[in-house]
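Two people sit down with a structure that one of them has not seen before. Here is what they look at.

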Amino acid sequence: MTKNDIDKIIRQNHFVEFYNWHQRDFAAPSPRFIKNAVLSRHSIPGCIWYESGSYRYETTRFLASLNVSKVYTCEPSPQFFEEGYVSVAGNSKIIAVREESTVFMRRVLAEIESMQPLCLFLDGHYSPWE
Ligand SMILES: C[S@@+](CC[C@H](N)C(=O)[O-])C[C@H]1O[C@@H](n2cnc3c(N)ncnc32)[C@H](O)[C@@H]1O
């Protein structure tokens, strides 16, 4: 077994992420693979996802990869909005806007059909790195 093989096993099994999370006594934020598993478990087939706080659009892209009809996401920070926007711009499932969640939520609720399942990931908040 080469060092590359070992690196691959460590990466694939998320050992480093899990170890770091354990070192933080499982404090938030959880590793991405945990976040994705939770969101995936709660996703309703064909639903609309609403995410507040796009940040790097990583969750946005993950949600769009599931069996969903649309992902609405908003990010008020001009810097975060613009830096990641290119990564979702061509995806017809994703509607990304530079807006604050309390404003965008009203527009989305007025726009979508009332019988369509809606899943919420309300993750828009001040972050220490802003
Ligand atoms: C923890 S990050 C979001 C991470 C992202 N949802 C993910 O899963 O990768 C929080 C983001 O919320 C944004 N934010 C802060 N206030 C907000 C608000 N009122 N509405 C929407 N987003 C907001 C911040 O600019 C920041 O990018």
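What follows is a short run of questions and answers on this structure.

Colleague: How should I read the numbering, and what pattern do the helices and strands follow?
Modeller: Residues count from 1 along each chain as its sequence is written. It's a predicted model, where local features need pLDDT of at least 70, side-chain atom pairs count only at pLDDT 80 or more, and totals for chains, interfaces and linings use all residues. Helices (H or I, at least four residues) and strands (E, at least two) are DSSP runs, numbered from the N terminus. There are 6 helices and 4 strands, and along the sequence they read α-α-α-β-α-β-α-β-α-β.

Colleague: How many residues of helix 1 are buried?
Modeller: Buried means 20 or more other C-beta atoms within 10 Å of the residue's own, with C-beta atoms placed from the backbone. Helix 1 covers residues 3–12 and is hardly covered. Among its 10 residues, the buried count is 0.

Colleague: Which strand gives the most to the largest nonpolar core?
Modeller: Such a core is a set of buried Ala, Val, Leu, Ile, Met, Phe, Trp, Tyr and Cys residues joined through C-beta atoms within 7 Å. The largest has 9 residues, including Ile48, Trp49 and Tyr50. Strand 1, strand 2 and strand 3 each supply at least two of its residues. The top giver, with 3 residues, is strand 1.

Colleague: Which helix supplies at least two residues of the shell around the ligand?
Modeller: The shell takes residues whose C-beta atom, placed from the backbone, lies within 6 Å. There are 20 around the ligand, with Gly53, Tyr55, Thr59, Ser101 and Gly124 closest. Strand 1 (47–52) supplies at least two, and so does helix 4 (58–65).

How values were computed. Buried ≥ 20, exposed ≤ 12 C-beta atoms within 10 Å, placed from the backbone.
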